[in-house]
Amino acid sequence: MNNTIKKISAIGLSVTTAVWLSGAAMILPSVALGATTEELQAQITSLLAQIQALQAQLNAAQGTTTVSYNFTKDLTLGSKGNDVKALQQFLNANGYQVAASGAGSAGNETTYFGSLTKAALAKYQAAKGISPAVGYFGPKTRAYLSSLAVAPTTPTTPTTPTTPTTPTATTTPTTGITTPGVEAIISASYAPSPANNPTLRAGDEDIGLVGIRVKSKQGDALVQRLTLKFSETTPLIKVFKSLALYDVSTKLAEITDIPSAYVKNSSNDYRVTFSGFSVLVLKDGFKDLVVKATLNSAIDSN
C-alpha cells in the first residue's frame, strides 16, 4: 500500500491534512495546536477508524483480503482475549462490520466475542463458502485465514527448533471427530441404568449410584468434566468413601478424598466434579456414563 501522509506543523495555526490511501482521498479535520490531550486522543481515534473504514472499502473494491495475525484458538460466544479483538479488526477491515458505532466498531474493537461478532463472522463465512456458516471460529475458518496470511518481507533469523513434548493424558484427542470446527450442543439426563433411587448399603463397593445419558446435537462433543450436585453434605462426609465414573467397564475418573473435593456452590448446593478424562459423543448420538460408589463400612445412624 502506498500511503502519503503530509505532516504540517506550525505555531498558532489550524492544520488540515489530506491522506491518500491507495488512490482514495480522505480530508482530515482541522487540528488546533492548543487542543487538550483528551481532545487530541479522541481525534486520533476517529482518524484511525476512518482509515480502517477506507481500507475495508478498498479491499472490498479490489477483492483483496490480508491477514497479519496468527490465530491459534477456537472462538465462540463468550470467548475473550486478543484473538477476539484481532478477529473483530479483520472483519471490520474487510467489509463485514461488527458494529456501526461504539463497542466493536472500527477503531473500537473489543476483546469479547458477543452476538455481533458471531453475526459478522457468519456473514463472512457464508460469503467465502466456509461451512457451516454459523459464526463459530474453528479450525476451518482459521485454516482459511491462514491461507490469506501476508508473508513477511523481512527475513527472520532462524531459531533453534525445540524438542517436541510428549502429549499428556489431558491432551484433547481428535481421533474419531467427524465434525471438526462445528460447535456441539450437549444435554444430560438420567440414563435407564442404574434405575433412579437405588438401594445402597454400608460396605457396598463400586455399586451403581446414578446413570447419566449425554446427548450431542449439531456436532461431535468431547465430554471432559462431569459434576454431581448434592443438597446436603452428609452423603459426601459420612456415607461415601469414594466415587468413580465409568464408561461401561472402563473407569474414567475417581474421587477418593470426597470431603476435600466437594465445593459449596450455595446453600443446599454441594458439588463434586470428575475431570481428567475425555469421552467422545457423536453428533445426534448419546453416551451412557455411570457413577459408582463405595460406601463406608459403617455409617452413623444419624
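In this predicted model, helix α2, residues 82-93, packs against helix α3 at an angle of about 55°, and their axes lie 10 Å apart. That angle makes α2 oblique to α3. As for handedness, α2 and α3 form a left-handed crossing. On the α2 side, the residues involved are L87, Q88, F90 and L91, and they meet T117, A120, L121 and Y124 of α3. By character, this contact of α2 with α3 consists of six nonpolar residues and two polar ones, with no charged residue.

I turn next to the other helix pair, α3 with α4. Helix α3 spans residues 115-128, and its axis comes within 12 Å of the axis of α4, the two crossing at roughly 65°. The pair α3 and α4 is therefore roughly perpendicular. Here too the handedness can be stated: α3 passes α4 in a left-handed crossing. From α3, the contact draws on L121, Y124, Q125 and K128, while α4 supplies T141, Y144 and L145. Four of the residues in this contact of α3 with α4 are nonpolar, two are polar and one is charged. I would draw your attention to L121 and Y124, which take part in the contact of α3 with α4 and also meet α2.

Let us stay with α4 and consider one of its residues. R142 is placed in helix α4. Which residues does R142 contact, leaving aside its neighbours within four places in sequence? They are F71, T72, K73, D74 and F137. A further relation concerns L75: although R142 and L75 are 67 residues apart along the chain, their C-alpha atoms are separated by 9.9 Å.

Finally, I come to the interior space. How many cavities of 30 Å³ or more does the count give? The count comes to one. The space in the largest cavity is about 60 Å³. Its lining is made up of 13 residues, and those nearest the centre of the cavity are P132, Y136, K140, T141 and G181. Which helix gives the most to this lining? It is α4, residues 139-146, with three residues. In composition, the lining of the largest cavity has seven nonpolar residues, five polar and one charged.

To close, I return to T141. This residue of α4 belongs to the contact with α3, and T141 is also among the lining residues nearest the centre of the largest cavity. Helix α4 thus appears in both parts of this account: α4 is crossed by α3 in a left-handed manner, and α4 gives the most to the cavity lining.

Definitions and conventions
Residues are numbered from 1 along each chain as its sequence is written. This is a predicted model: local features need pLDDT of at least 70, side-chain atom pairs count only at pLDDT 80 or more; totals for chains, interfaces and linings use all residues. Side-chain values use heavy atoms; hydrogens and water are left out. On a 1 Å grid over the protein atoms alone, a cavity is a set of points where a 1.4 Å probe fits but cannot get out, and a pocket is an open set with protein on both sides within 12 Å along at least five of seven lines; lining residues have an atom within 4 Å of a point. Grid points are joined across faces, edges and corners, and a volume is the space filled by probe spheres set on the points. Helices (H or I, at least four residues) and strands (E, at least two) are DSSP runs, numbered from the N terminus. Ala, Val, Leu, Ile, Met, Phe, Trp, Tyr, Cys and Pro count as nonpolar, Asp, Glu, Lys and Arg as charged, and the others, Gly among them, as polar. Axes are lines fitted to C-alpha atoms, for helices over the stretch in contact, and angles run from 0 to 180 degrees between N-to-C directions. Angles under 35 degrees count as roughly parallel, over 145 as roughly antiparallel, 65 to 115 as roughly perpendicular and the rest as oblique. A crossing is left-handed if the near helix is turned anticlockwise from the far one by less than a right angle, and right-handed if clockwise. Contact means heavy atoms within 4.5 Å.
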